[in-house]
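Here is an informal walk through one protein chain. Have the sequence and the 3D view open side by side as you read.

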Amino acid sequence: MNRYELIAPCHFGLEAVLKREIIDLGYDVTLVEDGRITFIGDEEAVCRANIFLRTAERILIKTGSFRAETFEDLFQGTKNIPWENFIPADGKFWVTKAASVKSKLFSPSDIQSIMKKAMVERLKEVYHKEWFEEDGEAFPIRVFLMKDQVTAALDTTGDSLHKRGYRKLTARAPIAENLAAALLMLTPWKADRILVDPFCGSGTFPIEAAMMAANMAPGMNRSFTAENWGHLISAKQWYESFDEAREMVCLDRNTDIQGYDIDDSMVSIARENARLAGVDNMIHFQRRGVDQLSHSKKYGFIVTNPPYGERIEEKKNLPALYQTIGDRYKALDSWSLYIITAYEQAENALGLKAAKNRKIYNGMMKTYFYQFPGPKPPGRQQARL
């Protein structure tokens with residue numbers, strides 16, 4: 001099998017979570033950078049990384065890297081990459097996205113256009129053709145420029161990995177599925193512990209938690225661009241990886257995962273999304289305001305994405321809303337609280353001081369993951385002694 005340098009982009013601030021996932025999947029990490037992890041893997045790794053990684057954005061096969069300070073450098077460097085090792089004569093190829101940071105070349109459209117021309121020139125010489133119909137399979141390319149260093153890669157994924165396939169209906173400002181999964185993985189929550197999201201919206205936190213509890217691979221019910229690249233990855237390899245994922249699922253776990261929302265329509269949307277994900281029997285959704293947040297048991301977790309006050313008219317309501325969250329949390333005995341928000345006065349309004357505060361970029365928005373861990377259950381404390 002061919003061995004590749006594989007690149008997995010992720011949300012800024014969550015590199016350590018993705019690195020651990022890749023290592024746990026059995027692959028060697030070679031480079032950790034802001035917003036992406038590079039690791040070594042073969043054709044099987046491409047399949048398994050796409051299907052099993054919960055926190056990655058996509059899986060890219062690195063095709064080459066070089067330094068470019070001028071467009072001529074970019075053209076020649078791109079042309080020197082052996083594209084024929086990846087793209088057949090009838091392949092449809094284009095630079096779907098170009099990102100540039102601290103580099104002399106910064107115009108995405110110019111970078112995309114020049115690289116496409118260079119690729120065509122290379123493949124014309126290899127395939128002895130003057131014109132490419134590009135009526136075959138799709139080979140989207142992504143390129144990153146960092147301090148004039150160009151990295152080109154084939155996108156094996158297609159639609160971002162956060163699109164698990166279950167969220168057909170969404171709230172106005174939903175949290176991405178891979179971000180929700182990463183935040184859950186930053187907490188000590190396990191499937192045998194209570195989990196409540198009092199602002200569940202379209203149900204992303206409870207659904208991702210239930211999928212983890214059921215050992216359900218996030219990509220097992222969707223398709224990927226590289227499934228059509230038979231010359232690089234066999235259909236058999238994809239079948240075996242999907243079979244591996246299906247065999248691992250366990251839907252009869254006893255869980256106490258709850259999602260509340262004050263909006264009836266959101267509760268209905270969350271229930272439907274959970275049904276599409278195949279975990280509706282593991283989650284209890286109900287219409288309930290955060291002011292009614294309560295639970296009879298100890299040692300539970302609140303993990304939530306409350307309103308940030310994106311609209312000016314909403315900002316004035318935030319102090320009272322966050323005070324209510326804080327009051328209801330304080331009334332819960334021995335619970336833990338984890339909140340992601342862009343509201344910078346959250347701690348003051350909650351009336352709580354976070355044990356940890358992690359800065360995470362949700363797209364282009366700077367957010368904070370406030371962590372208020374509670375005590376461990378007595379049995380777990382004894383087990384550690």
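## Starting from one phenylalanine

Phenylalanine 52 sits in helix α2. Keep in mind that this is a predicted model. Is phenylalanine 52 buried or exposed? With a relative accessibility of 13%, phenylalanine 52 falls on the buried side, because buried means under 20% relative accessible area.

What does phenylalanine 52 touch once its neighbours within four places in sequence are set aside? The contacts are Glu21, Leu25, Ala217, Pro218, Ser241, Glu244, Ala245 and Met248. Threonine 30 makes a handy contrast: it is 22 residues from phenylalanine 52 in sequence, and their C-alpha atoms are 19 Å apart in space.

Those contacts point to two helices that are worth a look, α7 and α1.

## Helix α7

Helix α7 runs over residues 235–248, which is 14 residues. From first C-alpha to last it reaches 20 Å, close to the 20 Å expected at 1.5 Å a residue. Gln237, Trp238, Ser241, Phe242 and Ala245 are its buried residues. Looking down the axis of α7, these buried residues fall within an arc of 130°, so they line one face of the helix. On the other side of α7 you'll find Lys236, Tyr239 and Glu247, which are exposed.

What do the buried residues of α7 pack against? Their partner is α2 (43–52), the helix that holds phenylalanine 52. Two of the buried α7 residues, Ser241 and Ala245, also turn up among the contacts of phenylalanine 52.

## Helix α1

Now for α1, residues 15–25, where Glu15, Val17, Leu18, Glu21, Ile22 and Leu25 are buried. Seen down the axis of α1, its buried residues fall within an arc of 160°, so they too line one face of their helix. Packed against them are β1 (4–9), β2 (28–33), β3 (36–41), α2 and α5 (177–185). From the α2 side, phenylalanine 52 is in contact with Glu21 and Leu25. After α1 comes glycine 26, with a positive phi near 105°.

## Helix α8

Helix α8 covers residues 264–277, and its 14 residues should span 20 Å at 1.5 Å a residue; the end C-alpha atoms are 20 Å apart, which agrees. Its buried residues are Met266, Val267, Ile269, Ala270, Asn273, Ala274 and Ala277. These cover an arc of only 160° around the axis, which puts them on the same side of α8. The cover over them includes α6 (204–213), β9 (257–261) and β10 (283–287). Glycine 278 follows α8, and its phi is positive, near 85°.

## Lysine 79 and its neighbours

Lysine 79 belongs to helix α3 (residues 71–79). Not counting residues up to four places away in sequence, it touches Ala118, Glu121, Arg122 and Glu125. Arginine 122 is 43 residues from lysine 79 in sequence, yet their C-alpha atoms are 5.4 Å apart.

## Two positive phi values

Most residues other than glycine have a negative phi. Here are two non-glycine residues with a positive one.

| Residue | Phi | Loop | Relative accessible area |
|---|---|---|---|
| Histidine 128 | near 55° | between α4 (108–127) and β6 (138–146) | 71% |
| Serine 334 | about 70° | between α10 (318–330) and β12 (336–341) | 16% |

So where do the two stand on exposure? Histidine 128 is exposed, whereas serine 334 is buried.

## Cysteines

How many disulfides are there? The count is zero. Cysteine 10 is buried at 7% relative accessibility, and cysteine 47 is buried as well, with a relative accessible area of 0%.

## The whole protein

Stepping back, the protein has 12 helices and 14 strands. Its radius of gyration is 23 Å, close to the 21 Å that the globule rule gives for 385 residues, so the protein is as compact as a globular protein of that length. Along the principal axes, the C-alpha atoms fill a box of roughly 75 × 45 × 45 Å.

Of the 385 residues, 54% count as buried. Among contacts with a separation of 6 or more, 76% come from residues 24 or more positions apart. The accessible surface is about 17,700 Å², and carbon and sulfur atoms account for 48% of it.

Methods
Residues are numbered from 1 along each chain as its sequence is written. This is a predicted model: local features need pLDDT of at least 70, side-chain atom pairs count only at pLDDT 80 or more; totals for chains, interfaces and linings use all residues. Side-chain values use heavy atoms; hydrogens and water are left out. A disulfide is a pair of cysteine sulfur atoms within 2.5 Å. Buried means under 20% relative accessible area, exposed over 50%, partly exposed in between (1.4 Å probe, protein chains only). Helices (H or I, at least four residues) and strands (E, at least two) are DSSP runs, numbered from the N terminus. The expected span of a helix is 1.5 Å times one less than its number of residues. The arc is that of the directions from the helix axis to the C-beta atoms. Contact means heavy atoms within 4.5 Å. The radius of gyration is taken over C-alpha atoms; the globule rule is 2.2 Å times the number of residues to the power 0.38. Accessible areas come from the Shrake-Rupley method with a 1.4 Å probe; for residues, only the protein chains shown count as cover.
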